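Subject: Structure handover

Dear colleague,

Please find the structure below, with its sequence. I would be grateful if you could read the notes after it.

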Amino acid sequence: MNAPELTEDENLGLYQRATENGPEWWRVSVADRPENYRLEHGVGDGHGAGAVDMDLVVDAENLRAKLKKWRREGFAIDTADAASEDSAAERAAFMPALRRAAALALAEKRRETQGTDSTRDTVRIGHIDVPCGIANPLVPRLNPAYLFSERFNDIVEDIVENRRVMLIGHTGAGKTSLIEQVAARSRHGVLRSNMNGQTTVGDFVGFWTVKGGETLWVDGVLPTAMREGLWLIVDEIDFAEPSILAALTAVLEPHGRLVLKEKGNEIVAPHPAFRLFATANAVGAMSQFRHLYQGANLMNEAFLDRWRVYQLDYLTPAEEADVLMRTLAPHMTRPLATTLAAIAADCRAAFAREDLSSAFSTRRLLDWAELMLRTGDPERAAGPAIYAKISPEDAALIRGIVRHHIAPAA
Ligand SMILES: Nc1ncnc2c1ncn2[C@@H]1O[C@H](COP(=O)(O)OP(=O)(O)O)[C@@H](O)[C@H]1O
Ligand SMILES: [Mg+2]
């Protein structure tokens, strides 16, 4: 009985196996004679590109036998047909082409910044030169212990390029302080507006009021920041009212203007130094933690697409130990700091496993450490810094982690 006809796309193509001398291959194609197949063999160059050392024509039955034998010998069909070979070439060409393009873009940017007024005052933060503002009372206090991680370079560059930056991450991961510390070093005034509270669209955009018999318009934080060239941080944006988000949307374009509808459609154009930031706990990649941030709204992708969204993780234990030592110098020593950072890391791991229901922030760690230096007693210090803020179950778990790292005094 005849076996079923071979279908071409089932059996034509290149069969390869790896050998010490490089790939060995058989190429199967349709022969000139009907119902016959041409088999070419070679070793060395991949994809059947090398020299052919065997070239034969077989019928379908013979081919079927060969296919069986090849399979036993470890040959497998190479699905790289002509089209996917093209795409393989494209795939390989992409990264070198991108590197060239990125190097050119960087060179051009360097030329541009040299070309413009070199008298312009800048401060270097990480790898980035940040243009300075003029000192004013709204410039945040500089934290000399603040650590700029390598990971922050892209964010700082986005600030210089006037991108809208949203930082997402757990509470106390350092979202607000990152922006404030960039502002502190480059002398830009900062306004913060927290959406997880009573912030109304009136506070945000502005409102009419009567003063001494006169009706006056009072700018909200958004037009104030835009007119005066301040940096505005919209904290916990995932709690904002829809009307506030609507007002923001117009300003999210790089030179987006604000229309004050309530004020006869007055147009507010952004000062060149104006920057807009948002922070959130539970949007986008952080949505999985929404149950921890009750009342947080999901933000739609179209809105998120108007921002560069960076997920900020907690500092690494090594970084956090550095921050502890810098913040609490000179009494915080490296061995103490290393142990405390390890405890924080363990608590965060427990939180990630959902064994612990409260996040362990850098703020909490610093506060605990400070109090510990005052009291000389980790347990006593943990009361007001940690335990009193969380459930008894969580406190018991953290107490266990602490004991695991710190033996009781002899
Ligand atoms: N990179 C850092 N270097 C030094 N301290 C940091 C750093 N990141 C966070 N902190 C500390 O953690 C505290 C909480 O950070 P914060 O910016 O308020 O967090 P978030 O806004 O994410 O809730 C800061 O006040 C600061 O003391
Ligand atoms: Mg914050």
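The notes that follow take up one pocket and then a run of strands.

This is a predicted model, in which local features need pLDDT of at least 70 and side-chain atom pairs count only at pLDDT 80 or more, while totals for chains, interfaces and linings use all residues. Residues are numbered from 1 along each chain as its sequence is written, and side-chain values use heavy atoms, with hydrogens and water left out.

The second largest pocket (on a 1 Å grid over the protein atoms alone, an open set of points where a 1.4 Å probe fits, with protein on both sides within 12 Å along at least five of seven lines) has a volume of about 920 Å³, that is, the space filled by probe spheres set on the points. Its lining, meaning residues with an atom within 4 Å of a point, comprises 35 residues, with Asn-143, Tyr-146, Gly-174, Ser-177 and Arg-363 nearest the centre. Because domain 2 (131-311) and domain 3 (317-405) both contribute residues to this lining, the pocket lies between them; the domain bounds come from an automatic or database domain assignment.

Strands (DSSP runs of E, at least two residues) pair if DSSP finds at least two bridges between them. Strand β2 (residues 22-30) is joined by seven bridges to the antiparallel β1 (residues 13-19), where Gln-16 stands opposite Trp-25 of β2, and two residues separate β1 and β2 in a hairpin. Seven bridges also join β2 to the antiparallel β3 (residues 36-43), and in the five-residue turn of that hairpin Glu-35 has a positive phi of about 65°.

Best regards

Key
Chains are lettered from A and ligands numbered from 1 in the order in which they are written. Helices (H or I, at least four residues) and strands (E, at least two) are DSSP runs, numbered from the N terminus.
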